[in-house]
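Q: Hi! Could you walk me through this one, starting with the vocabulary?

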Amino acid sequence: IPGTRTLWHDLAEWLDGEWVGDAPYPLLAARVESLAANLRPTVIIRNGTWFGPIDLDVPTISLIQDIMPVNSYHRSEQVRVARLSALTVFNSAYTKAQYPELADITSRVIPLSVDFDLFAPRKVEPLADICWIGAASWVKGWYTLGEIIRSMPTRTFALVLKDAGSGRMPDNVRAFNRVSHTDLPLIISGCQVGLCTSRQETQHLAGIEMAGCGLPIVAPNIGAYYDAGGAAWNGWRMNRADVQAIEW
């Protein structure tokens with residue numbers, strides 16, 4: 001999405017590093033190995049998922065921010081990459097807890113960063129009662145969101161979608177597609193409550209961004225909310241998407 005930055009943009013800039021993202025995942029390890037023949041890296045910081053170990057005698061930091069199914073090929077590759085790394089970073093305590101087979105390795109929990117200068121409360125006109133950020137997918141709880149919207153016809157919703165959504169929106173919904181980081185805090189600040197309906201999140205950056213804009217969060221016990229408790233978030237934590245929690 002134009003106007004957005006990821007962790008990898010920041011790392012390459014902060015560390016004067018070489019960002020190797022110009023190859024499909026299956027070819028990335030070979031691409032790094034090829035580049036290293038002429039430009040010997042001091043350290044490799046890599047995504048711990050989607051491609052196998054890089055065959056270089058260079059200290060490697062691997063980031064695991066995706067939870068792969070037990071006994072799947074991608075999970076076995078994650079474990080192999082982590083065991084060959086000098087350090088494995090998990091983006092949340094929740095993510096780390098899903099990998100008991102890596103409890104004995106050297107690891108740290110370091111949440112992915114959020115720009116709280118950008119994601120801060122703004123003075124804007126009211127837009128909607130409830131803000132939801134995600135995609136029209138099963139893992140993001142799209143159908144659960146639909147049930148909540150139908151159960152709350154007097155409440156208004158602002159949906160920020162990475163995709164085109166799914167079908168016609170109800171009258172109490174405003175949808176925004178492919179919003180840049182510059183515009184996103186303006187939409188969030190026009191709402192009163194942030195909602196997460198996801199079945200699984202390793203961190204849920206969108207919720208942290210909403211909290212940065214001053215919204216209390218209604219969310220399941222996953223990702224950044226894992227065992228945090230409502231008081232810790234100055235809001236409400238729930239075990240599933242629930243109309244009562246939103247009204248509270």
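A: Sure! A charge sits over a ring if NZ of Lys or CZ of Arg is within 6 Å of the ring centre and within 35 degrees of the ring normal.

Q: Okay, where does the charged end of Arg46 sit?
A: Over the ring of Phe51, 3.8 Å from its centre. Similarly, Arg75 lies over the face of Tyr99, at 4.0 Å from the ring centre.

Q: Before we go on, what kind of model is this?
A: This is a predicted model, where local features need pLDDT of at least 70 and side-chain atom pairs count only at pLDDT 80 or more, while totals for chains, interfaces and linings use all residues. Residues are numbered from 1 along each chain as its sequence is written, and side-chain values use heavy atoms, leaving out hydrogens and water.

Q: Cool. What is the order of the strands in the open sheet?
A: The order is S1-S2-S3-S4, with parallel pairing. Strands here are DSSP runs (E, at least two residues), helices are runs of H or I with at least four residues, and both are numbered from the N terminus. Two strands pair if DSSP finds at least two bridges between them.

Q: And which strands are at the edges?
A: S1 and S4 (107–109), each of which pairs on one side only. From one strand to the next, the twist averages 20°; such angles run from 0 to 180 degrees between N-to-C directions, with axes as lines fitted to C-alpha atoms, for helices over the stretch in contact.

Q: How many bridges join S1 to S2?
A: Four, and strand S1 (residues 44–47) runs parallel to S2. Arg46, the residue over the Phe51 ring, stands opposite Ser62 in S2. Asn47 has Leu63 of S2 as its bridge partner.

Q: What about the other neighbour of S2?
A: S2 is joined by four bridges to strand S3 (residues 87–90), and these two run parallel. Ile61 stands opposite Leu87 in S3. Between S2 and S3 the chain crosses through helix H3 (residues 73–83), in a right-handed β-α-β crossover. Right-handed means that, with the strands pointing away from the viewer, the path from the first strand over the helix to the second runs clockwise.

Q: Why is S2 described as largely enclosed?
A: Because four of the five residues of S2 (residues 60–64) are buried. Buried means under 20% relative accessible area, exposed means over 50%, and partly exposed is in between (1.4 Å probe, protein chains only).

Q: Switching to S6: how many of its residues are buried?
A: Five of the five in strand S6 (residues 157–161). Phe157, Leu159 and Leu161 are buried on one side, and Ala158 and Val160 on the other.

Q: Which strands pair with it?
A: Strand S5 (residues 130–134) pairs with S6 in the parallel sense over five bridges, and five bridges also join S6 to strand S7 (residues 173–177), again running parallel. Ala158 stands opposite Cys131 and also opposite Arg174 in S7. S5, helix H5 (residues 142–151) and S6 make a right-handed β-α-β unit.

Q: Last topic: how many aromatic pairs are there?
A: The count comes to five. Rings of Phe, Tyr and Trp (its six-membered ring) pair if their centres lie within 6.5 Å; planes under 30 degrees apart are stacked, over 60 edge-to-face, and the rest tilted.

Q: How are the rings of Trp132 and Trp142 arranged?
A: Their centres are 5.7 Å apart and their planes are at 55°, so the pair is tilted. It links Trp132 in S5 to Trp142 in H5, 10 residues apart. Trp132 is buried, with a relative accessible area of 1%, and Trp142 is buried with 11%.
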